[in-house]
Amino acid sequence: MKIMIITAYDGTNYCGSQIQPDKPTIEGKLNEALSELTKAEVKVTGASRTDAGVHSYGNVYTFDTFSHIPVEKFPLALNTMVPPDIRVMSAKEVRDDFHPRHGVIDKTYEYHLDDGFIEIPTKRLYSYHVRHRLDIDKMNEAAKYLIGEHDFTSFCSAKTEKESKVRTIFDLNVKTAGEQIYDNRDVIITVRGNGFLYNMVRIIAGTLMNIGTGKTDPNEIIAILEKKDRAAAGPTLPPNGLFLMEIRYDI
């Protein structure tokens, strides 16, 4: 049978999610735990390949097994075998031809910023510090220009291998959350789309950050899209502020 598991993880101590020889990865730890649990070699297939330092609340993996362990028991069993910075949140049986990178309705990511004069140490692994009060209204004004179907060449890494750079963003918004500590705020950029190019979310976050700090006007987003030039957009923000929140499927 084929099983789908929803996996949350803190990406700080890993060289990304995808398996790499002799390096700690999310897939590597899942493979080890599943193989030990089922007493057979197991290799998971992941939905999204997150970079080193990127976190997840909802990455999806599938694996095939002949194990007689009840599906609903896999999360509890696996969570005693993987490190404490990885957790399997749920498991269910899916059809044999299901693939976690196909049939995706949408993916949701968050990018977390910390805007205060001095960085708060406990946030350093889970947000990007901006020593400037961000203008949330201007960031949301700019975000509206990115909603819809566009060619996102300006918002992806030059290393992107996908031939088509056209993607659709269904929703993009910026908000503050939680209690303010000192003069620091948690500023969260949430983006939901049908798919994302390499570094696309981190570049969108960097561009909106520039708008929030006054370096760029909100309406300049239009020209940035039209130029189809990576140099036209803002910086690629570091991976530690990025969270894969959810992947939804047409199943």
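These notebook entries record what I looked up in a predicted model.

**Entry 1: the largest pocket**

I began with the largest pocket, for which I noted a volume of about 1,000 Å³. I then asked which residues of its lining are the closest to its centre. Of the 31 residues that line the pocket, these are Arg-49, Lys-162, Phe-196, Leu-197 and Tyr-198. By class, I recorded 12 nonpolar, 10 polar and 9 charged residues in the lining. Strand β5 and helix α4 each supply at least two lining residues.

**Entry 2: aromatic pairs**

I looked up how many aromatic pairs the structure holds, and the number is 5. One of them joins Tyr-109 and Phe-196 in an edge-to-face arrangement, at 5.3 Å centre to centre and with 85° between the planes. This pair links distant parts of the chain, as its members are 87 residues apart. Tyr-109 belongs to strand β5 (residues 104-115), while Phe-196 lies in the loop between β9 (184-193) and α4 (200-212).

I also checked whether the two residues of this pair are buried or exposed. Tyr-109 has a relative accessible area of 10%, so it counts as buried, since the limit for that class is under 20%. Phe-196, at 17%, is buried by that limit too. Phe-196 also appeared in Entry 1, among the residues closest to the centre of the largest pocket.

I then turned to the rings of Phe-152 and Phe-155. Their centres are 6.1 Å apart and their planes stand at 70°, so I entered this pair as edge-to-face; planes over 60 degrees apart are given that name. Phe-152 and Phe-155 are both buried.

**Entry 3: nonpolar cores**

The largest nonpolar core has 44 residues. I asked which of them have the most contacts inside the core, and found Leu-113, Leu-146, Phe-155, Leu-172, Ile-189 and Leu-208. Phe-155 is thus a member of this core as well as of an edge-to-face pair.

The elements that give two or more residues to the core are β5, α3 (136-143), β8 (166-181), β9, α4, α5 (220-227) and β10 (242-249). The largest share, 8 residues, comes from α4. Helix α4 was also entered above as a supplier of residues to the pocket lining.

I examined Leu-172 in detail. Leaving aside neighbours within four places in sequence, Leu-172 is in contact with Ala-143, Leu-146, Ile-147, Ile-189, Thr-190, Val-191, Ile-204 and Leu-208. Leu-146, Ile-189 and Leu-208 from this list are also named among the core residues with the most contacts.

A second, separate core has 20 residues, including Tyr-9, Ile-26, Phe-74 and Val-88.

**Entry 4: two buried positions**

I located Ser-48 in the loop between β2 (45-46) and β3 (55-64). Its relative accessible area is 6%, so Ser-48 is buried. Not counting residues up to four places away in sequence, Ser-48 touches Ser-17, Asn-59, Lys-107, Tyr-109, Leu-244 and Ile-247. Tyr-109 in this list is the residue whose ring pairs with that of Phe-196.

Val-94 is placed in strand β4 (residues 86-94). With a relative accessible area of 8%, Val-94 is buried. I asked which residues Val-94 is in contact with, leaving aside its neighbours within four places in sequence. They are Lys-2 and Met-4. Val-94 and Lys-2 are 92 residues apart in sequence, yet their C-alpha atoms are 5.7 Å apart in space.

**Entry 5: Arg-131**

I found Arg-131 in the loop between β6 (128-130) and α3. Its relative accessibility is 59%, so Arg-131 counts as exposed; the cut-off for that class is over 50%. Not counting residues up to four places away in sequence, Arg-131 touches Gly-116 and Phe-117. Arg-131 and Leu-37 are 94 residues apart in sequence and 47 Å apart in space, C-alpha to C-alpha.

**Entry 6: positive phi values**

Lys-39 has a positive phi of about 60° although it is not a glycine. I placed Lys-39 in the loop between α1 (26-38) and β2. Lys-39 is exposed, with a relative accessible area of 71%.

Lys-228, likewise a residue other than glycine, has a positive phi near 50°. Lys-228 lies in the loop between α5 and β10. I noted it as partly exposed, with a relative accessible area of 48%.

Methods
Residues are numbered from 1 along each chain as its sequence is written. This is a predicted model: local features need pLDDT of at least 70, side-chain atom pairs count only at pLDDT 80 or more; totals for chains, interfaces and linings use all residues. Side-chain values use heavy atoms; hydrogens and water are left out. Helices (H or I, at least four residues) and strands (E, at least two) are DSSP runs, numbered from the N terminus. Buried means under 20% relative accessible area, exposed over 50%, partly exposed in between (1.4 Å probe, protein chains only). Contact means heavy atoms within 4.5 Å. Rings of Phe, Tyr and Trp (its six-membered ring) pair if their centres lie within 6.5 Å; planes under 30 degrees apart count as stacked, over 60 as edge-to-face and the rest as tilted. On a 1 Å grid over the protein atoms alone, a cavity is a set of points where a 1.4 Å probe fits but cannot get out, and a pocket is an open set with protein on both sides within 12 Å along at least five of seven lines; lining residues have an atom within 4 Å of a point. Grid points are joined across faces, edges and corners, and a volume is the space filled by probe spheres set on the points. Ala, Val, Leu, Ile, Met, Phe, Trp, Tyr, Cys and Pro count as nonpolar, Asp, Glu, Lys and Arg as charged, and the others, Gly among them, as polar. A nonpolar core is a set of buried Ala, Val, Leu, Ile, Met, Phe, Trp, Tyr and Cys residues joined through side-chain atoms within 4.5 Å.
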